[in-house]
Amino acid sequence: MSDDALEQLSGTPEDSGPERMITVTGMYKDWFLDYASYVILERAVPAIEDGFKPVQRRIMHALKELDDGRYNKVANVVGHSMQYHPHGDASIADAMVQMGQKELLIDTQGNWGNILTGDSAAASRYIEARLSKFALEVVFSPKVTEWQLSYDGRRKEPINLPVKFPMLLAQGAEGIAVGLSTKILPHNFIELIDASIAHLNNKPFTLVPDFPTGGLIDVENYNYGLRGGRIRVRAKIDILDKGTLVVREIPFGTNTSTLIESILKANEKGKIRVKKIEDNTAANVEILIHLPPGISPDKTIDALYAFTSCEQSIAPLSCIIEDNKPIFIDVNTILKRSTERTVELLKQELEIRLHELEEQWHFASLERIFIEKRIYRDIEDQETWDGVINAIRLGLNPHIKHLKRELTIDDIEKLTEIKIKRISKFDLDKAAALIEALEEDIAEVKNHLEHLVPYAVNYFKALKKKFGAGRERKSEIKVFDAIEATKVVIRNLKLYMNREEGFIGTGLKKDEYVAECSDIDDVIVFLQDGTMMVTKVDAKVFVGKEIIYAGVFKKNDQRMVYNMIYKLPKSGPSYIKRFNVTAVTRDKAYSLVGDAQGVSVLHFSANPNGEAEVVTVLLRQSGSIKKLKWDVDFSEVLIKGRASKGNLVTKYPIKRIEFKSSGRSTLKPRSIWFDEVTGRLNTDDRGKHLGYFKPNDLLLIGTTEGTVKTVVPDLSLQIPESTVLIEKWIPQKPISVIYFDAERERYFIKRFLIEQEHKEEIVISESKGSELLLMVSDYRPSLTLEFVKPRGKEELPPQLVDVADFISIKGIKALGNQLTTQKIKQIHLHEPLPFTISEEVEEKIQSSESEDTTDTNDGSLLLF
C-alpha cells in the first residue's frame, strides 16, 4: 500500500474530525487491480520471449553471475537471487528444485528429490548446482541482453534472457494468478528442434507433449494446448504372469506413492480386487500388483484405468505474457515465435560479431601502416598533444584510402598506446596473415547474415547433435478406447429382491438372490402388470409389487433379448413379443403394453444372447374350441422395440403356458475386428476383420514370446503388443511355427493343433536366447528360407519349404523337426498351397464358419 493511500485512509491531524467522510471503495478497486496485475506479470505466468517466469529468470541470472565451472550451494544461489527477487528464500528454492528436476538447464549434485516417487529434495544447504552446458550455450549472450534496475535499484537484471531455443515448450509451465492460470505441458527436446527446422523450411509440423515420467498418452483432443483441449495419460501396465501386473511407467502429475494409494482406495471400495502391492521403484518405476486367484489380469488393467490414478485427464491452458499482457496462444504459435526470435538473436549476434571483426581489421590495418611506414617517428619533434595527433593524422592520410571507415581521434590515440617493445618486434608477415584471417572471418559472417535461415537451421542441427543424445521421446502416443466402468468393476455386492412387496437392493439378504453387482451398476426390473424400470443399485429400493424379473442392466446391449407373452384384461386376447432395452431414463416407469390397463404377463424370459425358447400354450375349455394346446416358437417372432404391441397368440383365454425347450440364439454371429492402433477388439469395423463369432467361438492369439492361447473374444480384452497371430480359432486348422533353439543352436519347425482351450502354452524352447521366427495358421504354408552368407564361403541358395510335406502335425509340446543348421537371414512367406480335406472335417469347419465363404474346385473344398 502506498504512502498516499495510507494518508487518504487514515487522514491527518489537521483535517480529522466528525465532518470528514472517507470512501475506500475506489481505493480497494485500484489496489486489487494493481495486485492482480503484479501477480500475473511478475509471478505466475511465463514470458514468451525467454519462456521464464521472473523467479526462474533471476535464478538463471544469479547462477551465471556465480558461474566459475564449479558447483555452488543452492542456499548460496538462493541468497544471491534474493538481490533481484523481492520474495522469500523458500519460493526461490522450490522454483530452483523444480528447474533442476527437469535436467535441462541446471546441472545438479546431491539429493534433488525424485519425480517418480515424490520424494522431496534435501535442504538447500546440502545440495549444489551449476549451469548446464546447454544453458551456457543457449540462454546467455550479454551483448544482446536488455537490462533493467532490480527492485531496489542497486543492481541490474535482464528484462528477458536471450534464449535461442523454444525453452517454454521444452520445460512446460504451470501457474495460478488472479483471475487466470496457465498450464503449458512439456514437449520433447528433439521434436522441438525438428519442428523449429521445419518452420524455418516452411514445412508443416505437429507438436504433442512428452512427459519425463513416460507413460501412454492420447493426444487426439490436445487442441494445440489451448483452452478446451484435453489429453489422457495412462500408466504403462504389463502382465507379468496370470497373477501379477507390473507398472513400469506412471502418468504425468502422479508419483508411485499417490498411485499406490489410489489403487488401495479402489480396492477398499471394492472397485478392483488386489492381493498385494510391492513398490520396487529405484531409477525406474516398478510396481508389482499381485491379484487374487481367479481375477482376470486384462479386466483388472481396465479397472485400474477406470478407478485409479493409473489414468489421468489433463486440460492444457496455454497462457503467456507478451508486451506486458497475458494472451492465449497455441503451442504451434509459441514455437514459431520462439524460432523467429532465435533467428533475430542470431542475427544480432552476427551483426555484433561483424562489427567487432571490422573494428579489429580496421585497427590491425592502421597498426600495420603506423609501424610499416614508420609514422611513429613523425611525433618525435612534437611538443604538444595536438601536434602529436596532427602529425600521426598527416602521416596516415596517404595510406588509408582502402579503410572501410573514416579515421577518428580515438583511433589515433589508440595508436599512441602501442608499446615500443611491440614496434620493435613487429612482424609484417604475421600482421598480413592476421588481416587476411580477419577478412575471411568477415566474409564468413557476412555470408551467414545473407543466408540467415540456413545458418539458423545449422544452429538447431548442431544443438540436436550436441545435446540430443538421451533425450528421445519417453511418452508413447496411442489412441485409447473408452473404458466403461460398469464392465470392468469388480462385482462385490449381492443383489436381492422381494417379489411380492416390490423391493430390490443389496440389503435384503433374507430375500431372493438375483445376481452379483457393484455400487455403480443399474438394475432393470419387470413387473407383472407389463411395466419396467431401471434404477441405481442401493441397499433397498421400492420398484413396484409383483416383480417377475430383475437383473443388472447393461446399457446399449443389443444382444440381450426379452421374450414376453401377455394378455389384455378380462378375457381379452394374448400377444407375444420380443424386444431390446438399450437406453432409458433412470427411475422412470415404462409400459411394455401401450396404454392398456389391467394387463397380466403370462410368460417372460431374459436371454443374454438372443435365445428363443419354445413354449406350450394351453387354453381353457370354452365353447367349441377344438385346439386347446399347441407350441409357440419365439424364433419365429421378430425382435422389435419395447413399445411394440407384438403378434397375436390367441383371442381365447389362456389357462397356462408351459416351458417346453430352450432354443438357440436367433441373432447373427458378431462381426469382430481388431484395431492394431488401440490393441482392442471392436464391432465398429475398425482395423483387421477377425470373422463372425457365435457364442461358443474362441479367438486364437500367438505372441513373439512363443505362446499361444484361445480366449473368449471379449471386447474388454487387452491384446498384447507382442501379438503376431490373431484370428478366429478353427480347431481343425494347424499352426506352424519356426523357432531358434538357443540350447541346441538349431532351427526347428513344428505343426500342431491347440489341445486345450483357454490355456496358454509355450510352443518354442524355453532355454534362454530361444527366439520365435514365424508363426502362421495355414493348412499348407509355403515359404522360402534366405540364409546369412558364411564367412569365406559362397552364398547359400534359398531353400523352398512346403511345410505340410516337411513335417506332419504333432503334439503341442513336441520339439519339432530340425529345419536347418545354417543361420537364417530372412523368411519369405508365400501364398498357402491348396489343401483338400475330408467331408467330415469340411462339415465341422462349415458349421463353425456359417458366416464365412468358401471356394470350391471340382467338388473339393479348398482352404487357404
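Reader: How do you know that helix 3 lies across strand 1, strand 2 and strand 3?

Author: In this predicted model, helix 3 (residues 54-66) lies across the three strands and runs at about 90° to strand 3, where helices (H or I, at least four residues) and strands (E, at least two) are DSSP runs numbered from the N terminus. The angle is taken between axes, which are lines fitted to C-alpha atoms, for helices over the stretch in contact, and it runs from 0 to 180 degrees between N-to-C directions. Local features need pLDDT of at least 70, and side-chain atom pairs count only at pLDDT 80 or more, while totals for chains, interfaces and linings use all residues. Residues are numbered from 1 along each chain, and side-chain values use heavy atoms, without hydrogens and water.

Reader: What makes strand 2 and strand 3 a pair?

Author: Two strands pair if DSSP finds at least two bridges between them, and four bridges join strand 2 to strand 3 (residues 128-131), which run antiparallel. Thr 108, for instance, has Ala 129 in strand 3 as its bridge partner.

Reader: Why are helix 8 and helix 16 called roughly antiparallel?

Author: The axes of helix 8 (residues 189-200) and helix 16 (residues 452-467) come within 10 Å and cross at roughly 170°. Angles under 35 degrees count as roughly parallel, over 145 as roughly antiparallel, 65 to 115 as roughly perpendicular and the rest as oblique, and the two helices are therefore roughly antiparallel to each other. Residues in their contact (heavy atoms within 4.5 Å) include Phe 189 and Ile 193 of helix 8 and Phe 460 and Phe 467 of helix 16.
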